[in-house]
Amino acid sequence: MFFLRRKEWMPIGTGILFGLLEVLSFYMSDRPLGSSRGYTTIGSIIEYVFFPAHAQKVAYWQLYEPYLEWTITLIAGIVFGSFVSSLMSGQFKFTLVPDMWKTTMKSSVSNRWFWAFIGGVLVGFGSRLAMGCTLGMLIAGVIQLAPAGFIFMMSLWMGGLGATALFYRLRTFTFRRG
């Protein structure tokens with residue numbers, strides 16, 4: 001159990017474990033790992049509870065039946081596992097505004113949470129358009145050597161660079177000369 005207290009894990013060992021988890025996912029559910037489907041299922045449940053007549057008319061909600069499935073448990077497990085991991089490694093720290101954000105965007109909590117919310121909505125919307133999130137499209141796609149996974153990886157990388165340049169105004173980039 002000592003390895004669970006490390007602040008960083010070896011990438012090769014972690015990759016092998018993740019690959020085994022992906023195989024287990026295919027074996028048990030005939031689907032790759034993915035978390036954005038869980039959010040969609042939660043949306044489907046909410047729609048069926050509050051607006052059942054409308055939910056039955058929308059074709060998108062017919063794809064995601066309103067019942068609790070393992071992807072919702074996966075989301076809860078990611079949050080809980082991250083929390084436990086940060087506690088065990090001694091890195092847990094309650095922070096409303098990260099230091100990197102303070103250096104470029106000031107220390108307004110409402111400003112930080114607003115942009116975090118907007119970013120979350122955009123990532124969620126984009127993952128549904130791409131038919132998969134970082135977990136389902138990128139990691140599971142690359143593990144299966146699917147071209148869509150590699151295209152998603154490059155798109156995510158370019159989008160991340162653009163968003164970083166936009167929000168942090170290139171101050172955080174470090175250029176090194178040979």
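**View 1. The largest pocket encloses about 740 Å³ of space.** Seventeen is the number to keep in mind here: of the 17 residues that line this pocket, Trp9, Thr14, Phe18, Leu21 and Gly81 sit closest to its centre. A pocket, found on a 1 Å grid over the protein atoms alone, is an open set of points where a 1.4 Å probe fits, with protein on both sides within 12 Å along at least five of seven lines; lining residues have an atom within 4 Å of a point. Grid points are joined across faces, edges and corners, and the volume is the space filled by probe spheres set on them. H1, helix H5 (70-88) and helix H8 (134-143) are the elements that give two or more residues to the lining. H5 has the largest share, with 8 residues. Helices here are DSSP runs (H or I, at least four residues), numbered from the N terminus. Sorted by type, the lining holds 12 nonpolar residues, 5 polar ones and no charged ones. For that sorting, Ala, Val, Leu, Ile, Met, Phe, Trp, Tyr, Cys and Pro are nonpolar, Asp, Glu, Lys and Arg are charged, and the others, Gly among them, are polar.

A quick note before moving on: this is a predicted model, where local features need pLDDT of at least 70 and side-chain atom pairs count only at pLDDT 80 or more, while totals for chains, interfaces and linings use all residues. Residues are numbered from 1 along each chain as its sequence is written, and side-chain values use heavy atoms, with hydrogens and water left out.

**View 2. The second largest pocket holds about 540 Å³ of space.** It is lined by 19 residues, and those closest to its centre are Gly119, Leu122, Val123, Gly159 and Ala163. Helix H7 (109-129) and helix H9 (147-168) each bring at least two residues to this lining. The split is 11 nonpolar, 7 polar and 1 charged.

**View 3. Two aromatic pairs turn up in this model.** Rings of Phe, Tyr and Trp (its six-membered ring) pair if their centres lie within 6.5 Å; planes under 30 degrees apart are stacked, over 60 edge-to-face, and the rest tilted. Phenylalanine 83 and phenylalanine 92 meet edge-to-face, 5.3 Å centre to centre and with 85° between the planes. Phenylalanine 83 is partly exposed at 38% relative accessible area, and phenylalanine 92 is partly exposed at 43%. Phenylalanine 114 and tryptophan 115 are edge-to-face too, at 5.1 Å and 80°. Buried means under 20% relative accessible area, exposed over 50%, and partly exposed in between (1.4 Å probe, protein chains only).

**View 4. Arginine 112 puts its charged end over the ring of tryptophan 101.** The distance to the ring centre is 4.9 Å. To count, NZ of Lys or CZ of Arg must be within 6 Å of the ring centre and within 35 degrees of the ring normal.

**View 5. Serine 35 sits in the loop between helix H1 (11-29) and helix H2 (36-50).** This serine 35 is buried, at 13% relative accessibility. Leaving out residues up to four places away in sequence, serine 35 touches Leu74, Ile75, Ile78, Cys133 and Leu135; contact means heavy atoms within 4.5 Å.

**View 6. Aspartate 30 has a positive phi, near 60°, without being a glycine.** Look for aspartate 30 in the loop between H1 and H2, where it is exposed at 66% relative accessible area. Leucine 145, not a glycine, also has a positive phi of about 60°. Leucine 145 lies in the loop between H8 and H9 and is exposed at 64%.
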